[in-house]
Each structure stands twice: as structure tokens, then as C-alpha cells.
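Please open the model in your viewer and keep the sequence panel beside it, since this tour moves from one selection to the next and describes what is found at each stop.

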Amino acid sequence: MERRRDRATGRQGDGAMGRFCGPLATTPSLCPSFYTFLRRPVAPSPRRPIFLFLCLAALSGAGCGSGISSAPSNSSSITVPAAHPIPANAAGGDGSEQAIRFLEDRVKRDPDDFIALNKLAGYYLLRLRETGSATWLDLAARAARNSLKAIPAEQNAGGLSLLAQVEMAGHDFASARNHAEQLAQLEPRKGDPYLLLGDALMELGDYEAAQSAFREMGKRGSADVAARTRLARMATLTGDNSRAERLYAEALTLAVDAVPPSRETIAWLRWQFGESAFSAGDYDKAEKHYRDSLVTFPDYYRALAGLGRALAAKGDLNGAIEHYERAVRILPDPAFVAALGDLYQIAGRTKEAEAHYALCEQTARLSAANGRLYNRQLALFYADHDLKAGEAYQLAKREYEMRRDIYGADALAWTALKAGKIDEARQAVKEALRLGTQDAKLFYHSGMIARGAGDRATAQEYLQRALKLNPRFDPRQSQVAKQALAE
């Protein structure tokens, strides 16, 4: 016991969260429904090279006011640094394997070494972001909890921060919020606790409280990559896409200039530019940004899937299938698998399509952890393909009871429509649209729900908005939208 007190006072220095853990980071999401969520990364600091990122988290943003704007993106004025390859070991990556082995050996010899446990959890989270494999999430959770067993949170803010990040990555957003609030009490002068608190509140759909948390973050001087990605995400959600692109560009410039640079952070930001361009229907620009992401981080699974989606929108079916196949080999994410199945179906490869639809369902149900991570994806898969309407609705409803963000409302609305619950679908879709988000899928679902309710004028309005904004937002669903509009 005496040895633990010595560690807590003598070795922790200026606090585990700052010195030993590094700044917080979240994960992006491929699409706002879920895999948009796996994280918003932050750039490494020259002073603190070991970085903790949330991987699978996905919707982070910062308070930028509550006004709703639908201003079009003015991306032509945005300057984005040129893409360059970054070595895998520049700030982790393959180079982290040696560090992981060293730290694991150290923890075996001294299970109470909370500093080693915190660093180890940080590396596990980095590997989670790079690979998407839930194995790293389980390891990070174990390391964070063991750190807090060795030294309690009152003397181990870094361990508490890591636990909250693990909970975010595992979609236990309520626990992440509670631990972020505890962290803010322990370190009231730091901005990182409020950044993490804002992330959790965003996922829970409490956007006003999230904005308040991000304002507190700003008051404490947080103006780095992490802060800018939160501001950008909130701008995207409120429909201010031009502001979002400016903020992402600033974040990318900071990330590129960091020493050492984090290739995963930079690749994520370039992928995010691709997502923004795709959502605006600029498929050529989206393709360029996705390819730039792959220049930075070859075989980055998010960029591979994004590139497949852009190529499909451009009519390059073979190229789209090739890149989705590469992404699925790296990470059989249900959304990737389902998208690949759709492309196989369009290509007339029916047996392969059916096999991938079965794999999508199997992957989503593989474990209890995957159930938490992929419930929304599975519900949307069922609804998009007119399968198991009742089960899809129940999945979306249960998740929305715990996670009341706008994309949860959208999933509930879409599945309620397919389950024949028109009134509930109409109410839920109002919640999905409440921030003014410029998203073709939101408009498409709104139009189809209005159509189901017999409101032809509203149906026409929203279907036209979806197809004008992003005419090929999905290989299958965009065709359904066009057919419904023609009818």
C-alpha cells in the first residue's frame, strides 16, 4: 500500500491525464448512423507523443451556436495540405507493437504499475482506431480498469479518462458521461474532461448540454485538432457545411505540422473531407480525398470503403466492388458487408450478395459487444432490405431509448415506417430533422414516410431535396427514391 502512495504522488507528476495519457481524441464515423462514429482523432503533440483516440465513437462536435443554417459548402476556398506517405511507426502504428510488448511485460512483472497500464490502454486504443477490431477495445478496457484498481481515480485521472474513452468506443455513453463529469470535478481547470463530456452528450442527443460542455472546453484554452473536430461536427449537424470544412482544414494543417505526425489522425481527416464531398454529391472530389487518405495510410479501411462508395456513385461498379472487398477483408463491419452485398446484387452476382447479407447479420450478432456497437446498423440493414420489420423496429426503439441522437431518431423513424407504424415514424422523423442537418438519407427517409402517410406534397419536397443534394447517395436507395418521386 505504501508503494502505491509513492507512485501516486511521486511518479504521476502533473497528472496522468496530461503527462502520461495525452490529449483526448474521438473517433469518426463512416456514416452518421453509426460507423460515422467510430471517432474523431486528434493530432499528436510535439510534447506528448502518446495519444489516446476514441475509435468507434463517432459523433463529436463542439458548441457553435444553436442556429440552423443550410448554407452550401464553399469548399473551393478551402486549402488542404497535399497528401504524403507517413511511416507506420511515425506515431504508433506498426511501431507500437514493440512498445505494447514492452508494456505488457512490465505489467506482468508489476500489475500495479498504473502508468504502464495507462500507456498500454492508449496504445490499444490506437490499434483499435487503426484496425477497427473489437479485440483492442477489450484489451483497452481491461488495462483501464486495472489501472483504476491499482490507483483510484482521485489520484489517477488518466485511468479515469481512459475508462471513459473505452466506454465511448463501446457505446456505453451514459457511463462515459458520468465518468467525464467526475473527471471534470477532479481536473476543473483542464479542457479535456469537457471535451469528453461533450462527446458523450452528443451521442446521447443532448446537444444543448454538449454545446455548453464545449464552451467550457474553449474557456480552458482548448484549440487543438480535437477541439476543431468537435466544432466541425457540430457545424455539420446544424447544416453549416462551409464552416465544418474550414474547421477540418485547420485541424488537418495542425495535424500535418505536428511532430511526430499521426498517420491515423491525418488519414481520418482526409477521409472526413471525402465524406463531406460525397454528402454534397461531388463524387470526383470525394474520390480524390479518399485516395489522399490512402496515400497517408495505405489500406486504411475507412478510406477504402469510402472510395468504393464514391466509385459506385460514379458508375465504376467493378472498382467499387474491389475496394469494398479490400475494406471487408480488413474489417467485416456490417455496413461495409451490406454495401458490398448490394453491389454484388446490382452486378448480378446473386449468390455472393446473399452470402454477404447473411454475413452482415452474423457479424452484427457475433457477441454482446457487437450487439451494442451494431444494433443500429442491423436495424437499418433490415429496413433497407425489407427484412424482419418488427425486429428492426424493436432494435431501433431499444437503442433510441438509451441514445437519443438525431440519427437514432432517423433509424427509429425508418424502421417504424417499415413496421407499419406511420404515426410514430412521422413523429420520430421530426426529431431527426430538428438540427437542420443536410443529409440526403434523412431527406429520403422523410420523403418516404410522408409518402406512406399519404402526404404527397411533403413527400415530393423531401425526395427532391435528397436527390438534388446527393443524387446517388446509395446504390439501391437512391433508385427507390427516384422511382417513388416519379410515381
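## A tour by selection

Begin by selecting Asp-105, which is partly exposed because its relative accessible area is 40%. Keep in mind throughout that this is a predicted model. Add Arg-109 to the selection: the two side chains form a salt bridge in which the closest N and O atoms are 3.2 Å apart. Both residues belong to helix H3, residues 96–109, where they sit four residues apart, or about one turn of the helix. Is Arg-109 buried or exposed? With a relative accessibility of 59%, Arg-109 counts as exposed, because the cut-off for that class is over 50%.

Now show the whole of H3 together with helix H4, residues 114–131, and look along the place where they pack, at an angle of about 145° and with their axes 9 Å apart. The crossing of H3 past H4 is left-handed. To see the contact itself, display the side chains on either side: H3 contributes, among others, Ile-100, Leu-103 and Val-107, while H4 contributes residues including Leu-117, Leu-120 and Tyr-124. If you colour this contact of H3 with H4 by residue class, you should find nine nonpolar, one polar and five charged residues.

Next, step back along the chain to Ala-83, which lies in the loop between strand E2 (38–39) and H3. Select Val-295 as well, and note that Ala-83 and Val-295, although 212 residues apart in sequence, are 6.4 Å apart in space from C-alpha to C-alpha. Leaving aside residues up to four places away in sequence, Ala-83 touches Arg-270, Asp-292 and Val-295.

From there, centre the view on Asp-292, one of the residues that Ala-83 touches. Which residue forms a salt bridge with Asp-292? The partner is Lys-288, and the closest N and O atoms of this pair are 2.8 Å apart. Both lie in helix H13, residues 283–296, with their positions four residues apart in the numbering, about one turn of the helix. Asp-292 is buried, because its relative accessible area is 14% and the limit for that class is under 20%. Lys-288, by contrast, counts as partly exposed at 48% relative accessibility.

For another pair, select Glu-361 and Lys-388, which form a salt bridge whose closest N and O atoms are 2.5 Å apart. This pair links distant parts of the chain, 27 residues apart, with Glu-361 in helix H17 (residues 350–364) and Lys-388 in the loop between helix H18 (368–384) and helix H19 (389–402). Lys-388 is partly exposed, with a relative accessible area of 43%.

Then select Glu-203, Arg-376, Glu-399, Arg-403 and Asp-405 together, since these residues are linked in a network of salt bridges. Across the model, the count of salt bridges comes to 31.

Finish with helix H9, residues 207–219, and helix H10, residues 225–237, whose axes come within 11 Å and cross at roughly 150°. That angle makes H9 roughly antiparallel to H10, because angles over 145 degrees fall in that class. H9 passes H10 in a left-handed crossing. Displaying side chains here shows Tyr-207, Gln-211, Phe-214 and Met-217 of H9 meeting Ala-227, Arg-230, Met-234 and Leu-237 of H10. By class, this contact of H9 with H10 comprises six nonpolar, one polar and one charged residues.

Notes
Residues numbered from 1 in each chain as written. Predicted model: local features only at pLDDT ≥ 70, side-chain atom pairs only at ≥ 80, totals over all residues. Heavy atoms only, no water. Axes fitted to C-alpha atoms, helices over the stretch in contact; angles between N-to-C directions. Helix = DSSP H or I, 4+ residues; strand = E, 2+ residues; numbered from the N terminus. Parallel < 35°, antiparallel > 145°, perpendicular 65-115°, else oblique. Left-handed = near helix turned anticlockwise from the far one by under 90°. Contact = heavy atoms within 4.5 Å. Nonpolar A, V, L, I, M, F, W, Y, C, P; charged D, E, K, R; others polar. Salt bridge = Lys/Arg side-chain N within 4 Å of Asp/Glu carboxyl O. Buried < 20%, exposed > 50% of the residue type's maximum accessible area, 1.4 Å probe, protein only.
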